[in-house]
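Trainee: Please show me the structure, and let me ask about it one point at a time.

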Amino acid sequence: MQLGLLGYGVVGGGVHQWCLGRGDVAVKRVLVRSDKPEIAAISTRDIQDILGDDAIDTVVEVMGGIHPAYEYVKAALEAGKNVVTANKALIAAYYRELTALAAEKGVALRCTAAVGGGIPWLVNLERVARLDEIESLGGIMNGTSNYIMDAMHRSDVDFAAVLQKAQALGYAEADPSADIDGDDIRRKLTISANIAFGAVLEEEAIPTFGIRYVTAKDIANFRAHGFVCKLLAYAGTAENGVCAYIEPTLVDAHDLEAAVPANFNLITYEAAQLGRQSFYGQGAGRFPTAANVMQDCLDIQNGQRRFYTERAVPTTLDGTNEAHPYYVRYEGADPWLDSLTVERWDGAVITAAANTYDMIAWAKSHPGTFIAGIR
Ligand code: HSE
């Protein structure tokens with residue numbers, strides 16, 4: 001199997017390393033943006049050197065960003081090449097078009113590393129969805145935000161300082177707002193929900209509230225009441241489509257999610273017959289992520305020629321019946337919030353069950369406010 005590698009950054013370099021130790025998968029050509037002396041013999045700046053090379057059967061896109069990754073992936077599929085990508089932004093944004101193109105061309109389109117880094121989440125989601133009915137899925141799908149919440153729970157540290165440390169450790173996205181405001185986890189949720197439910201969700205319509213405004217005082221409040229706060233994603237079947245959202249969530253200190261340390265991920269699905277299964281591991285990093293890219297390539301070598309599902313039905317978001325209590329720290333008076341308040345916790349309130357979509361919309365229109373759903 002001969003690969004054309006698009007990008008030679010953290011993940012691309014990892015894929016090359018894995019290949020060097022094997023006889024069955026080789027990197028034939030690497031598209032680079034700047035000179036890489038260590039791979040001068042196989043590098044090019046011209047995508048046509050990969051697209052026009054019939055010996056290259058699979059294009060591995062690990063360059064990130066949407067453009068020109070989209071144009072290159074599309075051209076590779078059109079040229080009848082299999083595509084493996086770790087690019088969650090690309091797949092979430094062009095889901096319908098790229099999966100339809102791969103099906104039309106009869107080639108594989110795989111993106112296991114795009115959700116959960118090194119965790120074999122999407123391949124297991126594919127396996128359970130072909131047999132059972134997935135009712136819901138979600139969990140901790142962003143390592144940087146978990147790293148921040150974990151550090152803030154362990155000691156009295158400042159949000160900005162912990163974020164800086166996560167950036168230095170290489171967990172955070174180039175623009176860390178994608179991690180702390182929830183865009184990164186939303187992309188992963190969109191891809192997972194689409195595969196699980198045979199849906200096509202509009203990524204940007206998914207209600208999302210991040211951790212930007214959490215304070216040490218909020219954390220002290222959670223600790224005092226036996227809770228741990230995590231940024232959780234959720235998607236489940238609903239009467240008129242799919243209910244999906246992302247919000248900080250208070251879980252019982254004894255729950256599985258509460259124990260997830262540092263930048264680890266814990267992703268779970270609940271299926272009608274199988275029940276609950278969770279996947280725990282490294283959601284980022286060179287070799288974990290490159291390992292999932294390699295596994296996709298090896299599956300293709302073993303005959304894999306499809307996306308994870310062939311169903312892709314545009315689906316509406318339905319949050320009508322999703323309600324639970326909330327922790328709300330809001331500096332001010334608000335009649336709607338007052339009408340929901342059932343308890344007070346040192347400068348914050350606890351509400352009765354409130355509609356999730358309404359609460360996220362309200363909190364987003366009151367900057368500085370922090371909310372957390374209570375599970
Ligand atoms: N910034 C992402 C995270 C990297 O922290 O999970 C992996 O997608």
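The questions below concern the ligand, the sheet and two backbone details.

Mentor: This is a predicted model, in which local features need pLDDT of at least 70, side-chain atom pairs count only at pLDDT 80 or more, and totals for chains, interfaces and linings use all residues. Residues are numbered from 1 along each chain as its sequence is written, and side-chain values use heavy atoms, with hydrogens and water left out.

Trainee: Which polar side-chain atom lies 2.7 Å from an oxygen atom of the ligand?

Mentor: A polar contact is a pair of N or O atoms within 3.5 Å. A nitrogen atom of the ligand is 2.9 Å from a polar backbone atom of Tyr171, and a nitrogen atom of the ligand is 2.8 Å from a polar side-chain atom of Asp179. The oxygen atom of the ligand at 2.7 Å faces a polar side-chain atom of Thr144.

Trainee: How much of the ligand's accessible area does the protein cover?

Mentor: Accessible areas come from the Shrake-Rupley method with a 1.4 Å probe. On its own, the ligand has 260 Å² of accessible area. The part covered by the protein is 91%.

Trainee: How many residues of the shell around the ligand are charged?

Mentor: A residue is near the ligand if one of its heavy atoms lies within 4 Å. The residues around the ligand include Lys88, Glu173, Asp179, Asp184 and Lys188. Asp, Glu, Lys and Arg count as charged. The shell has 3 nonpolar residues, 4 polar ones and, as charged residues, 5.

Trainee: Why is one side of strand S3 left without a neighbour in the sheet?

Mentor: Helices (at least four residues) and strands (at least two) are DSSP runs, and two strands pair if DSSP finds at least two bridges between them. The open, parallel sheet has 6 strands in the order S3-S2-S1-S4-S5-S6. Strand S3 (43-44) has one side free because this strand stands at an edge, with a single partner strand.

Trainee: In S6, which residue is the bridge partner of Val84?

Mentor: Strand S5 (residues 82-85) pairs with S6 in the parallel sense over 2 bridges. The bridge partner of Val84 in S6 is Arg110.

Trainee: Where is Pro68 found?

Mentor: The peptide bond from His67 to Pro68 is cis, with omega near 10°. Pro68 is in the loop between strand S4 (58-61) and helix H3 (69-78).

Terms used. Polar contact = N/O pair within 3.5 Å; in protein donor to acceptor, adjacent residues only side chain to side chain.
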